[in-house]
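Biologist: Please show the sequence and the structure, and then we can go through the side chains together.

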Amino acid sequence: MPSSPARYSRSIDWITVGIYFLMVFLGWLNVYAASYSPDAPSNAFSLSFGELMQFNWFKQIMWIGTAVVLIVVLVVIDYKAYDTFAFGLYGGMILLLLITLVIARPIAGSRSWLELGPVRLQPAEFAKFTTALAVSRFMASTNLRHQNWRDHLVLAGLTLLPPLLIIASNETGQALVFGAFLLAYFREGMSPLILIVLAAAGAILILALLIPKLWLVGAFTVMLGLAFLFNSRVLRHHLPLALSVWGIVVAMVFGVDFFFNNVLQPHQRKRIEVLINPSADPLGVGWNVTQSKIAIGSGGLVGKGFLEGTQTKFDFVPEQSTDFIFCTVGEEWGWVGSLVVIILFMTLLARVLYVAERQKSVFGRTYGYCVASIIFFHFAVNIGMTIGLAPVVGIPLPFFSYGGSSLWSFTTLLFILLAIDAYRKQDLVR
């Protein structure tokens, strides 16, 4: 028998809901600031609806309103539906990604947007929550600590298929987000060796771009030789493995140039070059990051004030209301405002992890960790790229960046978890 609305409303985690709406409101303020023009009419009520729709801040209000309707729908659906239809939703999203590849017209070099009249939606955004549901459903039926190779292959296939289709649409940034699922898998029993190997491989590739390759190979050979001297008995039994690792590292070091020059596209190579050397292309690819750092640095301790940012007001930073929204925070609200935003994200992540840990089902717990991992990846990489610590990969800052697809995607991610949690609490009080 369904529970009463009053009991259900008491079951919702209102702390997380409050954090969500505070972040969305602050996001809208910064979208308004990023799209503000001193020459625009000061009285919005004198403009027609069609004229208002020319402004990002007004369109974001429309997206927020539809997100509220979406929240109501998400939380009243029985949580069992998310479990039952997880694979169906995943399959539907794979089909939608395929359709997008076929019918989408190129926009800024990417074929990842579906145009429905005046509305543009990016299926890659929604693929995150459907993939999170599918892998959570799969992991609820198996034990990651005792999975056989077939189960590992199925999990890898579920995780990798959406980003492969997204890469095919030339939207690499959104595809990289799916790597965050590894953090959720680690919580459910995946060997930490996989994370260590991936982190080491990434470090080797980066070092191969920064220092002479012979030095890098020589340093690794010396380290392996010293390890052999101090642990000769152990390494003697694992000599084939040690030699294999050495061969793989050497191949990676000397193969990085081939990957960099023949696999990566020109704009991707430029972004990596700018990350390593910010002055490599100051008027081209490096322009966004340079202007973003100027905007954030000029904010000082407390910022220039709302609508007073000169970098923001005069459009020095391209894509400032979307991928580079954080530089608006830094310029107008300063170090203090930036710290508040970071604290809000860390509080939200801590709350999501708390909600995930109190789930009684593997499905709910795994999904909660997927939500936290995705939000953390977006948060860390987006802020990192605005301050020059990460390459510009074109992913939004959750709840802050302008855009309906982004807002709907993160709203859906979060409130499915809150719906699952609310029903968990209902089951306890029945």
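Modeller: pLDDT is the predictor's confidence in each residue, from 0 to 100. It applies here because this is a predicted model.

Biologist: Which helix of the protein chain has the lowest confidence, and which the highest?

Modeller: Over the protein chain the mean pLDDT is 84, with 89% of residues at 70 or more. Where pLDDT is low, the predicted coordinates should not be read in detail. The lowest confidence is in helix H1 (residues 5–11), at a mean of 60, and the highest, at 95, is in H18.

Biologist: How many residues are in the largest nonpolar core, and which helix gives the most to this core?

Modeller: Tyr20, Tyr367, Phe399 and Phe415 have the most contacts inside the largest nonpolar core. That core has 98 residues. The helix that gives the most to it, with 13 residues, is H19.

Biologist: Leaving aside neighbours within four places in sequence, which residues is Phe399 in contact with?

Modeller: Phe399 is among the residues with the most contacts inside the largest core. Once neighbours within four places in sequence are left aside, its contacts are Tyr20, Met23, Val24, Gly27, Leu348, Leu407, Phe410, Thr411 and Leu414.

Biologist: How many residues are in the second, separate core?

Modeller: Ile204, Val217, Val249 and Val256 are included in this second core, which is separate from the largest one. Its residue count is eight.

Biologist: What class of aromatic pair do Tyr79 and Tyr423 form?

Modeller: The model has 17 aromatic pairs. For Tyr79 and Tyr423 the ring centres are 5.5 Å apart and the planes are at 35°. Planes under 30 degrees apart would count as stacked and over 60 as edge-to-face, so this pair is tilted.

Biologist: How many residues apart are Tyr79 and Tyr423, and is each one buried or partly exposed?

Modeller: Tyr79 is in helix H5 (residues 79–84) and Tyr423 is in helix H20 (residues 404–429), 344 residues apart. Buried means under 20% relative accessible area. Tyr79, at 23%, is therefore partly exposed, while Tyr423, at 11%, is buried.

Biologist: How many residues apart in sequence are the parts that Phe345 and Phe400 tie together?

Modeller: The rings of Phe345 and Phe400 have their centres 5.8 Å apart and their planes at 35°, so this pair is tilted. Phe345 and Phe400 are both buried. Because Phe345 is in helix H18 (residues 326–357) and Phe400 is in the loop between helix H19 (362–386) and H20, the parts tied together are apart in sequence by 55 residues.

Biologist: Which residues form one aromatic cluster?

Modeller: Rings pair if their centres lie within 6.5 Å. One aromatic cluster is formed by Trp28, Tyr32, Phe55, Trp57, Phe58, Phe306 and Trp333.

Biologist: Arg120 lies over the face of Trp113, but at what distance from the ring centre?

Modeller: A charge sits over a ring if, for Arg, CZ is within 6 Å of the ring centre and within 35 degrees of the ring normal. Arg120 lies over the Trp113 face, and the distance from the ring centre is 5.1 Å.

Biologist: In the salt bridge of Arg150 with Asp151, which residue is exposed and which is buried?

Modeller: The closest N and O atoms of Arg150 and Asp151 are 3.8 Å apart, and a salt bridge needs them within 4 Å. Asp151 has 13% relative accessibility, so this residue is buried. With a relative accessible area of 61%, the exposed residue is Arg150.

Biologist: How many residues apart are Glu357 and Arg187?

Modeller: Their side chains meet in a salt bridge of 2.7 Å, N to O. Glu357 is partly exposed at 38%, and Arg187 is partly exposed at 27%. Glu357 is in helix H18 and Arg187 in helix H10 (residues 181–187), so in DSSP numbering the pair links two helices; the separation is 170 residues.

Biologist: Which residues are joined into one network by salt bridges that share partners?

Modeller: Arg358 and Asp421 meet in a salt bridge at 2.7 Å, N to O. Arg358 lies in the loop between H18 and H19 and Asp421 in helix H20, so the pair ties together parts 63 residues apart in sequence. Arg358 is buried at 18%, and Asp421 is buried at 0%. The network joins Asp13, Arg351, Arg358 and Asp421.

Note on methods: Residues numbered from 1 in each chain as written. Predicted model: local features only at pLDDT ≥ 70, side-chain atom pairs only at ≥ 80, totals over all residues. Heavy atoms only, no water. Phe/Tyr/Trp six-rings, centres within 6.5 Å; stacked < 30°, edge-to-face > 60°. Helix = DSSP H or I, 4+ residues; strand = E, 2+ residues; numbered from the N terminus. Buried < 20%, exposed > 50% of the residue type's maximum accessible area, 1.4 Å probe, protein only. Core = buried A, V, L, I, M, F, W, Y, C linked by side-chain atoms within 4.5 Å. Contact = heavy atoms within 4.5 Å.
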